[in-house]
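Visitor: Before we start, could you take me through the reasoning behind the labels, setting each value against its cut-off?

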Amino acid sequence: MKGTSLSALDAMLASLSNATIAQYTLPLKLWWRFCKERQGIFSSLSIPLILEFLSTCLSDAGSYLTLNTYYSVISLISSKDIGSHLLLKRFFRGVAALKPQRPRYVFNLDPSPAIMYLAALPPYKGLSLELACKRLVTLLALSTSQRIQTLAAIRCTNIFFSDCMVIKFPDRLKSSGIGKSHPIFVFRLLSDKPCILSLTQTYLELTQGLHRKNCDSFFISYRQPHTSVSSQTLGRWATAILEAAGIDISIFSAHPTRLASTSYAARTSIHIDEICRTVGWSRASHVFARFCNRCY
């Protein structure tokens with residue numbers, strides 16, 4: 001970050017998540033290589049040089065969003081507000097025309113087949129660890145409308161039992177922000193299937209003694225050595241359940257469970273304010289209207 005003192009650098013870097021830093025690594029390397037080939041200075045951010053760099057990346061960039069990430073990296077290391085420059089604005093209008101953004105899903109996933117499939121499965125007693133993992137992550141995704149990476153952030157020490165089950169998230173999440181509270185999941189015991197509280201208790205019994213030392217992650221691999229799993233693995237588990245329920249996974253993956261559950265909730269007459277509060281959207285957010293409130 002050009003012009004930043006060393007004393008302020010740590011605090012400024014703390015504003016970036018680990019995922020963002022990983023996403024910015026490749027564009028930074030490309031920018032460094034580009035400047036080196038042209039005998040330029042890495043922090044010399046002239047508009048003609050930036051436009052030349054973005055133009056060379058345009059053919060390899062798969063989408064407008066990819067090129068916008070490259071531009072975000074350059075903005076990060078610049079001490080000037082380059083985003084308001086007219087030439088850059090015009091360039092990205094052209095990129096939007098050449099590589100138009102299209103929604104990944106034209107219609108929403110209907111969660112009913114997955115819910116009916118999960119309800120028809122055998123009781124939790126005698127359940128294998130593999131099936132318990134896949135059932136639990138899918139049920140949590142459908143019932144909470146949270147991102148898969150949020151479910152991957154669940155810690156065993158943040159799960160509390162009384163007359164209900166409470167799951168807290170003290171760690172930083174993608175939806176974390178100044179003045180925004182972290183989500184809290186509350187589940188009560190249900191007499192009919194599927195019951196998340198009962199399934200969680202079964203899962204904890206199956207994984208008792210399997211967690212490795214210093215591993216506090218709630219979800220662990222059902223295969224040895226039972227290490228913590230990533231959000232990508234949880235997504236594959238949920239996708240396996242969707243496929244078993246008869247859902248076409250060539251169209252839908254695990255991500256649409258967030259969109260499908262909110263759309264399903266709206267169709268059962270749950271107020272939009274309650275949906276937004278549960279998911280973590282602000283009242284001014286247009287995400288629900290743009291992506292979720294669609295037909296199946």
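**Labels and their grounds**

Guide: In this predicted model, a search of the whole structure finds 14 aromatic pairs.

Visitor: What makes the pair of tyrosine 203 and phenylalanine 219 tilted?

Guide: The ring centres of tyrosine 203 and phenylalanine 219 are 5.8 Å apart and the planes stand at 50°; pairing asks for centres within 6.5 Å, while stacked needs planes under 30 degrees apart and edge-to-face needs over 60, so the pair is tilted. This pair links distant parts of the chain, with tyrosine 203 in helix 9 and phenylalanine 219 in the loop between helix 9 and helix 10, 16 residues apart. Both tyrosine 203 and phenylalanine 219 are buried, and ring pairs link them with Phe218, Tyr222 and Trp237 into a cluster.

Visitor: Why is the contact of glutamate 130 with lysine 134 called a salt bridge?

Guide: The N to O distance between the two side chains is 2.9 Å, and the rule asks for a lysine or arginine nitrogen within 4 Å of a carboxyl oxygen, so the contact of glutamate 130 with lysine 134 qualifies as a salt bridge. Glutamate 130 and lysine 134 are 4 residues apart in helix 7, which means a separation of about one helical turn.

Visitor: How do you know whether glutamate 130 and lysine 134 are buried or exposed?

Guide: Buried means under 20% relative accessible area and exposed means over 50%. Lysine 134, at 13%, therefore counts as buried, whereas glutamate 130, at 33%, counts as partly exposed.

Visitor: Which other residues meet in a salt bridge?

Guide: The side chains of aspartate 163 and arginine 188 do so at 3.9 Å, N to O, a value that still satisfies the limit of within 4 Å. Aspartate 163 sits in the loop between strand 1 and strand 2, and arginine 188 in strand 3, 25 residues away along the chain. Both aspartate 163 and arginine 188 are exposed. By this rule the count comes to 2 salt bridges.

Visitor: How do you know that the span of helix 2 agrees with its number of residues?

Guide: Helix 2 has 20 residues, which at 1.5 Å a residue should span 28 Å, and its end C-alpha atoms are 29 Å apart, so the two values agree. Helix 2 nevertheless bends by about 30° at threonine 25, with proline 27 following within four residues.

Visitor: What do the buried residues of helix 2 pack against?

Guide: The buried residues of helix 2, among them Tyr24, Trp31 and Phe34, pack against helix 3 and helix 4.

Notes. Residues are numbered from 1 along each chain as its sequence is written. This is a predicted model: local features need pLDDT of at least 70, side-chain atom pairs count only at pLDDT 80 or more; totals for chains, interfaces and linings use all residues. Side-chain values use heavy atoms; hydrogens and water are left out. Helices (H or I, at least four residues) and strands (E, at least two) are DSSP runs, numbered from the N terminus. Buried means under 20% relative accessible area, exposed over 50%, partly exposed in between (1.4 Å probe, protein chains only). Rings of Phe, Tyr and Trp (its six-membered ring) pair if their centres lie within 6.5 Å; planes under 30 degrees apart count as stacked, over 60 as edge-to-face and the rest as tilted. The expected span of a helix is 1.5 Å times one less than its number of residues. The bend at a residue is the angle between axes fitted to the seven residues ending there and the seven starting there. Contact means heavy atoms within 4.5 Å.
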